[in-house]
Amino acid sequence: MTTIDQARMEVQAALASAVAVVDTAESQPLAAVETALWRQMLALGRALVVLNLARRAGAPRAVRYEHDGKQYEVVGTETVEVGTRFGKVVFEAPVGRRVGKRRAARDLPLSRELGFCAGFSLVVVMTLTKLCAQMAFKSARDTFRDMFEWSPSPRATLRMVDGIGAEARPFIAQAPAPEEDGDVMVITTDGKGAPAISSREYARRARPHRHRHSKSGTQRHRRRERRREQPRVRRTSGKKSKNAKMAAVGVIHTLRRTKDGLEGPINKRVYATFESYRALFDWILVEAKKRGYGTEKITKVLFVADGAKVLWDLQTEYFPDAEVCLDWYHVVEKLWKTGKALHRKNRAHLDAWVAVQKKRLRHGQLEEVISELRAILDGTPVTGPGNKYRRTVLEKTLKHFTENAHRMQYRRLRRQDFDIGSGIVEGAVRHLVGVRLDGPGMRWSRDRMEAVLLLRCILINGQWDDFARCLAAKPRVVLPAQPIVTRTHDAKVKKAA
C-alpha cells in the first residue's frame, strides 16, 4: 500500500526527472525534447493522481455506512487499478460488505464516490467516446494512444460507446431551449442510409474459423484458396451490397426579423434517429414546442423537404400550419433529367430549355411549366426510338409537379425572404451520417449505430461540454458489463428501376 509520504516522494522524483529533461547543457532537437518532456509530464501526472488517491483512501471513514438503503461495513482493502488520462494507476481502496450477508456483492465506496466508470475515470471515458463519435473506433484508440501513450482495449471502447451513447438521448431531451432565438422557425428533414450488418453476414462472422492448410503456407495463398472454394455469388438486379438502414434527420433553426430582412440561421440544432421518420417527427415536434412553436413567440414556421411522400404526410400531421416548400434543388434536378430526355444530343438546347423552366418557376409560372410538359407529352408518339423513355420521364415529372404544386410557390416564398432550398439539412446529413457512419467496409449493429448517431448530434450541436458536465454531476455513470449484443438489419430488396 502506497503511503502519503511515499506518494509525495514519487511526485518529487517525477518532477525532478521532468526538470532534468529541459535543464541540460546537451543540445537536442526540440522534437526530441518535447517527446521526452511529454512522457515525463505524464509520469508526473500519474504520481500526482496517486497522491490524491492515497489521501482520499487514508481519510477517516466510518466502519459502517449506508448505500441504496442497505447497510455495509468496511472489511478491508483491495488493490484497484484505474485508467486516467496520465495512464493506469494502482491504489488501495476500502472494501465494503453487506452487514450480516458476507456472500453478497461487495461495494467499493471510494471508487463509487470518485466516479470511476468500470475502472476508468470519467474524463478518459468521455475523451475516448468523443473521438469514437468522430472517427473509426480503431483510429480513435490510436489517436488516444498518441496523446496519452496508452489506450483502453477494443472491448472497453465498445462498452464506453454503448454506455455513454445510452445517456445521449436523455441529455438532449432535458437540454433547455437555446437563448436569443428568432421569431421565424425553419424545419427541414431528410434521410440517409448507413450500412448495417445483415443476419447472413453476422452468422458468417460468428462461425468458428476452420484451420486451413495450404501448400505454400502464406496467407495470400490461403485467401486465394478460400475464394476458389467459396466464390462470391454475383448480385442480381436490384440487390445492393450496402444493406442500408435509413437515418431520419431533422434540422431546426430560426430566423430573426431585422430592418434589412431576415437574419440567420440562428441556433441550428440537428436531430436524428434510425428508428423511423415518425419517431423523428415526434422528437422534433417536442423540440419545436420547446423553442416556442405554437405560441406567439414564433410568428411563422417554414417546412422544407424533398419529394419523399412520407415526409409530407408527416408534415401535414405534425406541422399542419407551416408554410411548405419543395426543395428547389430537388426540382431543378427533375428539370435536368427531363431536359436530358428531350434534348439528349444538343447541349445548347438542353441548357436553354432548363434555364427557361427555372425562370418560370422563380416567377411563379408553374402552370406554364406544367402546360409545356403536357404538350410535349401529348406530342410524343407512343412508339419510336427512345419515345417510351421520354414519355416515362415526362409522366413522372408531370405527376410530381402536379401533386406538389402548392409546395412550389417559390415567388411568394422569396418575396417573404425565405430560403427555398434544403441545403442546411443536406449538409447536416452528409456531416452527421455520411462522414462517420457510411465509411467503406463498415457494418453497423443497429443499437451501436444509433448510439454513435446521437453522440454526433450532441457533438455537431456544440453541446459536448454541457453533456460532459451533466454526466459528471450524476452520482455515477455505469457502463455495461459487456458490449451490447449485435442486432442485425436486413434491408428490403427493392425492385430494380
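**Entry 1: the five-stranded sheet**

I began with the open sheet of five strands, whose order I read as E6-E5-E4-E7-E8 and whose pairing is mixed. I then looked for its edges: strand E6 (261-273) and strand E8 (323-326) each have a single partner strand, so one side of each is left without a neighbour in the sheet. From one strand to the next, the twist averages 20°. I note here that I am working from a predicted model.

Within this sheet I looked up the pair formed by strand E4 (residues 184-195) and strand E7 (residues 300-305), and found them parallel, with five bridges between them. One position I checked by eye is Ile-187, which stands opposite Phe-303 in E7. On its way to the edge, the sheet continues from E7 to E8 through four bridges, again in the parallel sense, and at this step Ala-305 has Leu-326 in E8 as its bridge partner.

Which residues cover the two faces of E8? I found Glu-323 and Cys-325 on one side and Val-324 and Leu-326 on the other, and all of these are buried. For E8, then, I keep two notes together: the strand stands at an edge of the sheet with a single partner strand, and both of its faces are covered.

I also asked what lies across the other strands, and found helix H16 (residues 423-437) across E4, strand E5 (244-258) and E6, running at about 30° to E4.

**Entry 2: the three-stranded sheet**

I turned next to an open sheet of three strands in the order E1-E2-E3, in which the pairing is antiparallel. Its edge strands are strand E1 (64-67) and strand E3 (87-98), each of which pairs on one side only. The twist here averages 45° from one strand to the next.

How many bridges join strand E2 (residues 70-84) to E3? I read 12, with the two strands running antiparallel, and among the positions involved I noted Glu-81, whose bridge partner in E3 is Val-90. Helix H2 (residues 30-58) packs on this sheet and touches E2 and E3, its direction making about 15° with that of E3.

**Entry 3: the nonpolar cores**

I then looked up the largest nonpolar core, which has 103 residues, and asked which of them touch the most other members; these are Ile-164, Phe-319, Leu-361, Tyr-410 and Phe-467. Of these I followed Leu-361 and, leaving aside its neighbours within four places in sequence, found it in contact with Trp-328, Val-331, Leu-335, Leu-366, Val-369, Met-408, Tyr-410 and Arg-411. Apart from the largest core lies another, of 18 residues, including Val-11, Leu-51, Val-82 and Phe-91.

**Entry 4: the whole chain**

Finally I stepped back to the protein as a whole, for which I count 18 helices and eight strands. I compared its radius of gyration, 31 Å, with the value near 23 Å that a compact globule of 497 residues would have. Along the principal axes, the C-alpha atoms fill a box of roughly 95 × 75 × 65 Å.

Buried residues make up 42% of the 497 residues. The exposed area comes to about 28100 Å², of which carbon and sulfur atoms supply 51%. Of the contacts with a separation of 6 or more, 69% are between residues 24 or more positions apart.

Conventions:
Residues are numbered from 1 along each chain as its sequence is written. This is a predicted model: local features need pLDDT of at least 70, side-chain atom pairs count only at pLDDT 80 or more; totals for chains, interfaces and linings use all residues. Side-chain values use heavy atoms; hydrogens and water are left out. Two strands pair if DSSP finds at least two bridges between them. Axes are lines fitted to C-alpha atoms, for helices over the stretch in contact, and angles run from 0 to 180 degrees between N-to-C directions. Contact means heavy atoms within 4.5 Å. The radius of gyration is taken over C-alpha atoms; the globule rule is 2.2 Å times the number of residues to the power 0.38. Buried means under 20% relative accessible area, exposed over 50%, partly exposed in between (1.4 Å probe, protein chains only). Accessible areas come from the Shrake-Rupley method with a 1.4 Å probe; for residues, only the protein chains shown count as cover. A nonpolar core is a set of buried Ala, Val, Leu, Ile, Met, Phe, Trp, Tyr and Cys residues joined through side-chain atoms within 4.5 Å.
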